[in-house]
Amino acid sequence: MPPGRSRTRPDPAFDPQREAARRTEELAHWAWTSSWPEVPGAVRERLSLVLFDTLAVTVAGARTEGQRRIRAAWPVPPGDAPVLGTTLRTQPDAAAYLNATALVCCELDEGCAYARGHPAAHAFPAILALAATLNSTGAATARALLAGYEVAARFGRATALAPGVHPHGTWGATGAAAGCALLLGLDAHQVAAAVDTAAGLAVAGHFDSALDGHRVRDAWVGAAALSGLAAARLAAAGAVRTTGTAALSLGTLLGRFDAAALVDGLGEDWQITHNYFKRHASCSYTHPAADLALDLRTARHLDRLRPAEVTDAVREIRVDTHALAAPLDRRRWEGSLGAMFSVPYAVAAALLDGAVTPATAEATEAERPELFALAAKVSVAEDPALTARLPHERATRLTAVLAGGERVELSAPHPVGDSSHHPFTTRTLQAVLTGLLGDDTLTDQLRRAADRLPDTDGAGPLLRGLAALTAAPAASRGGTR
C-alpha cells in the first residue's frame, strides 16, 4: 500500500489533530536522538550526493539574470552566512531566502518520489545559512541536514494536497524548522514545537501560477526557508507548542493529512534513498517524456538533422502520462518558468537539441521558431492506468508519428535519475552538473566540499570559502550581488 494512505477504516472517535501532535512529537524525538556516526553508510553517501547537487544547482541559479536582479533589490545586512555564487555574506534569513530561490529557479533541484516534491530545496538553504552563522561542526550540520530532509519528506509523504495546490512552500518548511532547531540545541519537545509551527506556516500557492510562468513559485521555497528559521526561533523562545497544526493546515485547508505516515518505517526506511536527481531543466513530471524524446532522437537519427528538418520529420507526438503530469500540456508558454512546466516544450527541446537546458527555456518564438512549431505538434493526455501506478511509478508513454507514416511507441516507468530507474552515481551526477556549470574543476571542488563537510570542525569557513570559490567573475555576472 502506498505510503501515506490509511490502512484501517477511520474510527469515529479518532481525533486527527491529537494524532498529528503525537506523531509530530515522535518524529521530532527521533530527529533529536539521531546521531550522525550511527547513520548507515549508504544514507550518509546519499546525503553527500544530495548536498553536492544542491550546491551546484544553487550556484547555477545564482548566475541567472533573474537572480542577479533579485539580489540587487534585496537588503543584505552584514553577516556570516554566504550567498552561493557570489561574494556576499549576510544574515541567515537573507542568505537562506536568496539561496533557496536560486536553487529552484532553473527547475533542476532534486526531489523525492514519495514526498511528491523537493525536501532538500525546502530544508537545506535555511540549515546551511544557520550552520555558517553559528559555525556548527560538520557532524552537527550533516545531522541537521539529514533530519531536515527526512522530516520534510515524511510530511510530504503524509500530505495529499488538494487538486491545484502546488507543493512548494507547503509541507517542506517543517524540514527547515527541524534542522534549524537541532542546530540551535533545542530539546526534543522544542524541536517538535518548531516542526508543528512550520506546518502552520504553509503557503497556499496554486499550480497554475507555475504553468503561467509566474516566479512567485520560486518565492514559495524562499518563504519556506524563512518559515523554518522563524519556527525554530519561536520554539527556542518558548512561544509555541505542539498542537497538531498539520492536521488543520495541511489536512483541512490544503488537502488530506495522514499523521501515521510521519513515523511509518522511521529509522529504517530512509526517504532520502527514494530521491531522484534531474538531468533536464524542467519540472520532474516532464522528464519521462523528455527522456523518451531523446531515445526517439537517437533511434531515428534525428540528431543528424538540422532543427527545421527535425520539425518537418515529425508529424505528431502524443504523450500519455499520469494525472500529475497531464495538466502540463501547454503548447505555448510565457517566460522560462512557463516553458519548464510544459511537456510539449520539454519534448521539443529534447528532440531538437538533445538536452533541456535553462538557456533553451529563455528562447522566444522569434529566436527559436522551430521549437514552438514542434511543441505545437505534441499533445498530452492522462492515462488512468498510469495514474494508478503512482506513487511507486511515474510512468509515461510517448507515441510519435513520423513524416513517412512510421509509428513509434516508447515507454518509461520513471524519469532517468530516479533512485529506482537508472539512478545517478557520483560519476554520472558529476557529469550532469559539469555540463550545467561548464567547469569540471569547480564541479569537482563542490563534490569534495560536500564529502568533506561532516568531518570539518566548523561549517562556517568551509561554506564561506565555497561561496567565494563559486563566485563568477564580476564582468560575467554584473557585479557581486
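## Largest cavity

In this predicted model, the largest cavity is lined by Thr54, Leu55, Thr58, Pro82, Leu84, Asn99, Phe124, Pro125, Leu128, Ala129 and Leu463. The space inside the largest cavity comes to about 120 Å³. The structure holds three cavities of 30 Å³ or more.

Two helices, H2 (41-62) and H5 (119-134), each supply at least two residues of this lining. The largest contribution is that of H5, with four residues. Sorted by class, the lining of the largest cavity consists of eight nonpolar and three polar residues, with no charged residues. Pro82, one of the lining residues, belongs to strand E1, which spans residues 78-82.

## Second largest cavity

The second largest cavity encloses about 50 Å³ of space. Its lining is made up of Trp30, Ser34, Ser35, Trp36, Val39, Arg143, Leu146, Ala147 and Trp270. Helix H6 (residues 138-158) provides the largest share of this lining, three residues.

By class, six of the residues lining the second largest cavity are nonpolar, two are polar and one is charged. The charged residue is Arg143. Trp30, also in this lining, lies within the span of helix H1 (residues 16-33).

## Helix H1 around Arg23

Arg23 is another residue of helix H1. With a relative accessible area of 17%, Arg23 counts as buried, because the cut-off for that class is under 20%. The side chain of Arg23 makes a polar contact of 2.8 Å with the side chain of Glu19. A polar contact of 3.2 Å joins the side chain of Arg23 to that of Glu26.

## Strands E1 and E2

Strand E1 (residues 78-82) and strand E2 (residues 89-90) run antiparallel and are joined by three bridges. Ala81 in E1 has Thr90 in E2 as its bridge partner. The two strands form a hairpin with six residues between them. In the turn, Gly85 has a positive phi of about 80°. Leu84 lines the largest cavity, as does Pro82.

## Second largest pocket

The second largest pocket has a volume of about 440 Å³. It is lined by 17 residues, of which Thr64, Glu65, Gly66, Arg215 and Glu362 are the closest to its centre. H3, helix H14 (335-340) and helix H16 (358-361) each supply at least two residues of the lining of this pocket. H3 accounts for the largest share, five residues.

The lining of the second largest pocket divides by class into eight nonpolar, four polar and five charged residues. Glu65, Arg215 and Glu362 are among the charged residues in this lining.

## Salt bridges within helices

Across the whole structure, a search finds 27 salt bridges. Side chains of opposite charge can pair when their charged atoms come close. One of the salt bridges is between the side chains of Glu65 and Arg69, at 3.9 Å from N to O. Both residues lie in helix H3 (residues 65-73), four residues apart, which is about one turn of the helix. Glu65 is partly exposed, with a relative accessible area of 42%, whereas Arg69 counts as exposed at 54%. The two fall into separate classes because exposed means over 50%. Glu65 is also one of the residues closest to the centre of the second largest pocket.

A salt bridge also joins Arg448 and Asp444, with the closest N and O atoms 2.7 Å apart. These two residues are four apart in helix H20 (residues 440-452), so about one helical turn separates them. Arg448 counts as partly exposed, at 46% relative accessibility.

## A salt-bridge network

Glu107, Arg215, Arg217, Asp218 and Lys278 are linked in a network of salt bridges. Within the network, the side chains of Asp218 and Arg217 meet in a salt bridge of 2.6 Å from N to O. Asp218 and Arg217 are both buried. Arg215, a further member of the network, is also listed with the residues closest to the centre of the second largest pocket.

Methods:
Residues are numbered from 1 along each chain as its sequence is written. This is a predicted model: local features need pLDDT of at least 70, side-chain atom pairs count only at pLDDT 80 or more; totals for chains, interfaces and linings use all residues. Side-chain values use heavy atoms; hydrogens and water are left out. On a 1 Å grid over the protein atoms alone, a cavity is a set of points where a 1.4 Å probe fits but cannot get out, and a pocket is an open set with protein on both sides within 12 Å along at least five of seven lines; lining residues have an atom within 4 Å of a point. Grid points are joined across faces, edges and corners, and a volume is the space filled by probe spheres set on the points. A salt bridge is a side-chain nitrogen of Lys or Arg within 4 Å of a carboxyl oxygen of Asp or Glu. Buried means under 20% relative accessible area, exposed over 50%, partly exposed in between (1.4 Å probe, protein chains only). Two strands pair if DSSP finds at least two bridges between them. A polar contact is a pair of N or O atoms within 3.5 Å; within protein, one must be able to donate a hydrogen and the other to accept it, and residues adjacent in sequence count only if both atoms are side-chain atoms.
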